[in-house]
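User: I would like to learn how to read a structure like this one, feature by feature. Could you walk me through it?

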Amino acid sequence: VVDIFNPCDAGFGTGPPPVPPKQFIRYKPFSMTASSVGFPFICQSRRVEKDCDSNFVDGYNAQEPNPVYREPMNAPRNSSILRCRGEEYSTEPHLGYSPQVQDGVPYYCVFVSADILAKMMEFEWIDDLTSDVFVASFIYFPNADAISLMRMNFLFADTGRILSETVIDTHSVLQESDRWTIYLILQCAFLA
């Protein structure tokens, strides 16, 4: 369980860790109103690339590399600069991830951590063929003994606009949820 309101308390020093005190007294009681349970995960659906049917796109993609560029930017391009999304969903692996089908739509999903997030940005995991993205996380509220599944949806429109929506499904006690058994099985699988 991670204290989402105080993530900097983890300490990222380079030397040996300090000796822990004999007792820890929490002086910020507000900081435990909610806690993230496990890592959040992010999923995206992707469309297949199609011919843009545009003279502008064809001319733009046919540009030679700028002669003042240095390596590796002076090399010929191995892909188009501008691409258009088709109507069909992609089912091909994307950067090593195979899709999982949810409601008839193939989604590429990964649990998010600091090292994974850096690699996702470096390799442009979300790109111009991304159709929509959702981020989901379990949040536990100890004072209410409630757990919520928070899901943020982002739709990438053809015009470049990103439309967002937030959905929160809360259960008063996790054991009362219809999916308690599924949750236990998933927890066992992730801990194994």
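**Reading the model**

Analyst: Let's start with one pairing: F156 has I162 as its bridge partner in β7. Strands, like helices, are DSSP runs numbered from the N terminus (helices are H or I of at least four residues, strands E of at least two). Please keep in mind that this is a predicted model, where local features need pLDDT of at least 70 and side-chain atom pairs count only at pLDDT 80 or more, while totals for chains, interfaces and linings use all residues. Residues are numbered from 1 along each chain as its sequence is written, and side-chain values use heavy atoms, with hydrogens and water left out.

User: How many bridges join strand β6 to β7?

Analyst: Two strands pair if DSSP finds at least two bridges between them. Here β6 (residues 146-156) and β7 run antiparallel and are joined by ten bridges. Five residues lie between the strands of this hairpin, and G160 takes a positive phi near 100 degrees there. At the other end of residues 162-171, which make up β7, you will find H171. The C-alpha atoms of H171 and L149 are 8.7 Å apart, with their positions 22 residues apart along the chain.

User: Is H171 buried, partly exposed or exposed?

Analyst: Buried means under 20% relative accessible area and exposed means over 50%, with partly exposed in between (1.4 Å probe, protein chains only). H171 is at 26%, so this histidine counts as partly exposed.

User: What is the average pLDDT of the chain?

Analyst: pLDDT is the predictor's confidence in each residue, on a scale from 0 to 100. The chain averages 80, and 83% of the residues score at least 70. Among the elements, strand β2 (residues 84-89) has the highest mean, 93, and helix α3 (residues 180-191) the lowest, 73. Residues 1-8 fall below 50, and this stretch has 13 contacts (heavy atoms within 4.5 Å) beyond near neighbours in sequence in the model.

User: Now to the cysteines. How many disulfides does the structure hold?

Analyst: A disulfide is a pair of cysteine sulfur atoms within 2.5 Å. This structure holds two. In one of them, the sulfur atoms of C43 and C109 are 2.0 Å apart. That link is right-handed, with 120 degrees about the S-S bond. The pair connects distant parts of the chain, 66 residues apart: C43 is in strand β1 (residues 35-50) and C109 in strand β4 (residues 105-111). C43 counts as buried because its relative accessibility is 1%, whereas C109, at 32%, is partly exposed.

User: And which cysteine pairs with C52?

Analyst: C52 pairs with C84, their sulfur atoms 2.1 Å apart. This link is also right-handed, with 120 degrees about the S-S bond. C52 sits in the loop between β1 and α1 (55-61) and C84 in strand β2, so the disulfide ties together parts 32 residues apart in sequence. C52 is buried at 18%, and C84 is partly exposed at 22%. Counting bonded cysteines along the chain, the pattern is 1-4, 2-3.

User: Which residues make up the largest nonpolar core?

Analyst: In soluble globular proteins, nonpolar side chains tend to be buried together. A nonpolar core is a set of buried Ala, Val, Leu, Ile, Met, Phe, Trp, Tyr and Cys residues joined through side-chain atoms within 4.5 Å. The largest one has nine residues: I42, Y108, V110, V112, M120, W125, V133, V135 and F156. Strands β4 and β5 (130-141) each supply at least two of them. A second, separate core has five residues, including V105, Y107, F134 and A136.
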